[in-house]
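Please look through the sequence and the three-dimensional model shown here, and then read the report that follows.

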Amino acid sequence: MVSVPRLVIAAPASGSGKTTVATGLMAAFAGRGLAVSPHKVGPDYIDPGYHALATGRPGRNLDAYMCGPELVAPLFAHGAGGCDLAVIEGVMGLYDGASGQGELASTAQVSKLLRAPVVLVVDASSQSRSVAALVHGFASWDPQVRIGGVILNKVASDRHEALLREALDESGLPVLGVLRRSAQMATPSRHLGLVPVAERASDAVDAVRAMGDRVRAGCDLDALMALARTAPPLPDEVWEPRPAAGTEPAAGARPVVAVAGGAAFTFAYAEHAELLTAAGAEVVVFDPLRDEKLPAGTSGLVIGGGFPEMYAPELSANEPLRLAVTELARGGAPVAAECAGLLYLARELDGRPMCGVLDADARMSERLTLGYRQAVAVSDSVLAVAGTRMRGHEFHRTVLEPGAGDTPAWGMHQPERRVEGFVQGGVHASYLHTHWAASPGVAARFVEKCRE
């Protein structure tokens, strides 16, 4: 059995302060010398960066839509193994999930799959006694979701706190923390959410430290730890990269797979690099903003998501690397590009030259494209054979024209039927973010193509 004390940090709605509280708790408990395992419900890439900064461990996602409910507990056990505590930050409101699919991918569903107690973070800034009705409604909506306590956020004064506590006395749920309004706890946002840690450097360190200090001062850490310890053991099912990859690494030299990183390419799931390594690759991270050459011996290239639109001038100015990427791609080497990577391979981004691997131009748009997708591979590629079905996620405020090549990458089946992306030579480029833990053969196929 897998026995790790754990808490799910949820809220009635987005904007209530989940990230502040979850990150602050991670930092506060890590400051006590505990090994804290950080997790995030849903496909979000940005919050896990703050979690990693708070704990010194990789932030990991638990997504019941992209990976399937059956993998949530094994992926959790993989990340939390050997830790003293796991903190799981929820997504949106507690019961909000994939559109039109009930509880699927909701924080509530993940809490049930992990048999974890929930701490409800309530924005109390515009209410007093009504907070009890709100909490009662959330606690009674689904009897299988165990809400173990409340943290009150954005409390105005001692008098306000007293009114809230008095109201909640009738609910039977303990108040485990009270946080006052504070500009110090705010983190800057832009069009796709918080500004990633990699872009903020020392400011992000200061922000996480401030979150930890505030949570330490305003929350009952001992009571929260006691609640976390009430989580029962989980079945002994632990996801592991090597068995998941489904292949034993071939003998001999390990092909070098270069993975884009740095401030412009911050969107990545930790399991992707683990699967590539398990499949026999040597994974080397490089920064397209700074490095003028690809890593020595590069046989394949993975360019994930991020914010290339914020760094278009710098990416364009690094002509030596753009030419190296173009040469590698045109030589037939395997290249997997998601979202930001897709834009980087285009001819232009907002009028600035990019790599020119794809005959397409990208620009910023006023429209946010966001949501889960069902997709099927249109043709054979370095990632999948034609007909492979995968689930993914789109998250961008850019437009690519044309949106698909002569050989598209995916046929989409939700929310509308369309084709999208590019497959040409060894290049697979698309807006679709996927989680390879759900289809671990993707990594094995990519590494095998690198060997070839």
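Of the 452 residues of the protein chain, 58% count as buried, where buried means under 20% relative accessible area, exposed means over 50%, and partly exposed lies in between, using a 1.4 Å probe and protein chains only. This is a predicted model, in which local features need pLDDT of at least 70 and side-chain atom pairs count only at pLDDT 80 or more, whereas totals for chains, interfaces and linings use all residues. Residues are numbered from 1 along each chain as its sequence is written, and side-chain values use heavy atoms, with hydrogens and water left out.

The protein chain contains 15 helices and 22 strands; these are DSSP runs numbered from the N terminus, with helices (H or I) having at least four residues and strands (E) at least two. A compact globule of 452 residues would have a radius of gyration near 22 Å, and the 22 Å of the protein chain agrees with this; the radius is taken over C-alpha atoms, and the globule rule is 2.2 Å times the number of residues to the power 0.38. Along the principal axes, the C-alpha atoms fill a box of roughly 70 × 45 × 45 Å.

One pair of helices can be described more closely. Helix α1 (residues 18-31) packs against helix α8 (residues 202-218) at an angle of about 85 degrees, with their axes 7 Å apart. That makes α1 roughly perpendicular to α8, a term that covers angles of 65 to 115 degrees; the axes are lines fitted to C-alpha atoms over the stretch in contact, and angles run from 0 to 180 degrees between N-to-C directions. Contact means heavy atoms within 4.5 Å, and the residues of α1 that meet α8 include T19, V21 and L25, while those on the α8 side include V208, M211 and R216.

Some backbone angles also deserve attention. Most residues other than glycine have a negative phi, and most peptide bonds are trans. The table lists two residues that have a positive phi although neither is a glycine.

| Residue | Phi | Place | Relative accessibility |
|---|---|---|---|
| K154 | about 60 degrees | strand β6 (residues 147-155) | 29%, partly exposed |
| C339 | about 55 degrees | loop between β13 (335-338) and α14 (340-345) | 4%, buried |

The peptide bond from E401 to P402 is cis, with omega near -5 degrees, and P402 is found in the loop between β17 (389-401) and β18 (410-414).

Conventions: Parallel < 35°, antiparallel > 145°, perpendicular 65-115°, else oblique.
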